[in-house]
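Work through the exercises below with the sequence and the 3D view at hand. Try each task before reading its solution.

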Amino acid sequence: MQIRPLAAAVGTLLGFSALSLPTTAAHAATDPHRPVVVAHRGASAYAPENTLAAVDKADDLGITWVENDVQRTKDGELVIIHDTNLKRTTNVEEIFPDRAPWKVADFTLKEIKRLDAGSWFSPAYAGTRVPTLEKYLERVSHHHQKLLMEIKAPELYPGIEKQTLRELRREGWLDRDHVEHKLVIQSFSADSVKAVHKLRPDVKTGFLGTPAVAELPQYAKFTDQINPSFRTVTPEYVAAVHSLPGAHGRPLEVYTWTVDDGPTAARLKGYGVDGIISNKPDVVRDATAEDTSYSLPLAGVLAP
Ligand code: G3P
Ligand code: CA
């Protein structure tokens, strides 16, 4: 349903100018088109990415949804880190100088726990650790937040989908409340998303990328979201995605990434995206809070 054009049409019929209506906090609070804001790798512009500190920072900012990246250690433990090697976001080269190329998969959890995952970002975060998925889930739960979880580079970690789901279940994240309201599992790998959907068809999933419009029906069989880079998003693409029912029968959604400035966020909101993933979720939240439902062009409403 196109509520925004409808609102504009109502304004026209009642004889007031669309642009003259005030924008109030009350409007913003009820704006049906405000996209969900997701803190990318936590609030990663303000705290070291994929750490508990980044989750805490998102909570401090009042952000409910956080995104993270799950990978596996040498001894089979699930940890939260983006790159497939430890160099950029830890001091691994200093602590283990002879272990190049410092892949996540070549280190045990005990070794990874020795690493400082905060100093690279700021001395204020010295001593911050790479979290396990278990500790990460506990922290997200503690804040009553919700999780957009990415299975990162699943081709490196056979069976990681099953293992991740097992961990989620153990931590209480596969009960009805979480599955319906608090969890989405996404990946750049269609095979990984398919695997999650097959193992737990009730879990909401997302595919990271911009499949051709002609291919969207294939994706809709196993995913609920198409999550493209914002640089690839057009209003037409969003409409094409929305026109299809996803894996759970509701319209496919679009969560786009990674948007850190207000004007771009507002433009994407205008395109009708359902979610915006951001390192600066407060900026996106503020830029998209304004209720634009009365100020959009009438084109489309008055068209025959
Ligand atoms: O959630 C979207 C985003 O995380 C995808 O890119 O490279 O940051 O994992 P990346
Ligand atoms: Ca990610």
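The exercises that follow deal with two ligand sites in a predicted model.

**Exercise 1.** Find which residues surround ligand 1 and sort them by class.

Solution. Step 1: list the shell, which consists of H40, R41, E67, D69, H82, E150, K152, Q186, F188, L208, W257 and I277. Step 2: sort these residues, which gives four nonpolar, three polar and five charged ones.

**Exercise 2.** Find the distances from polar side-chain atoms of R41, D69 and E150 to an oxygen atom of ligand 1, then state how much of the ligand's area the protein covers.

Solution. Step 1: for R41 the distance is 2.7 Å. Step 2: for E150 it is 2.9 Å. Step 3: for D69 it is 3.4 Å. Each pair counts as a polar contact because the cut-off is 3.5 Å. Step 4: on its own, ligand 1 has 300 Å² of accessible area, and the protein covers 91% of that.

**Exercise 3.** Identify the protein donors of the calcium ion (ligand 2) and place them along the chain.

Solution. Step 1: the donors are E67 (OE), D69 (OD) and E150 (OE), at 2.1 to 2.3 Å from the ion. Step 2: along the chain their spacing reads E-x1-D-x80-E. Step 3: D69 belongs to strand β2 (residues 65-72) and E150 to strand β4 (residues 146-151), so this pair, 81 residues apart, links distant parts of the chain.

**Exercise 4.** Are D69 and E150 buried or exposed?

Solution. Step 1: apply the cut-off for buried, under 20% relative accessible area. Step 2: D69 is buried, and E150 is buried as well.

Notes
Residues are numbered from 1 along each chain as its sequence is written. Chains are lettered from A and ligands numbered from 1 in the order in which they are written. This is a predicted model: local features need pLDDT of at least 70, side-chain atom pairs count only at pLDDT 80 or more; totals for chains, interfaces and linings use all residues. Side-chain values use heavy atoms; hydrogens and water are left out. A residue is near a molecule or strand if one of its heavy atoms lies within 4 Å of it. A polar contact is a pair of N or O atoms within 3.5 Å; within protein, one must be able to donate a hydrogen and the other to accept it, and residues adjacent in sequence count only if both atoms are side-chain atoms. Accessible areas come from the Shrake-Rupley method with a 1.4 Å probe; for residues, only the protein chains shown count as cover. Ala, Val, Leu, Ile, Met, Phe, Trp, Tyr, Cys and Pro count as nonpolar, Asp, Glu, Lys and Arg as charged, and the others, Gly among them, as polar. Donors are N, O and S atoms within 2.8 Å of the metal (3.2 Å for Na, K and Ca); water is not among the atoms, so sites may look incomplete. Helices (H or I, at least four residues) and strands (E, at least two) are DSSP runs, numbered from the N terminus. Buried means under 20% relative accessible area, exposed over 50%, partly exposed in between (1.4 Å probe, protein chains only).
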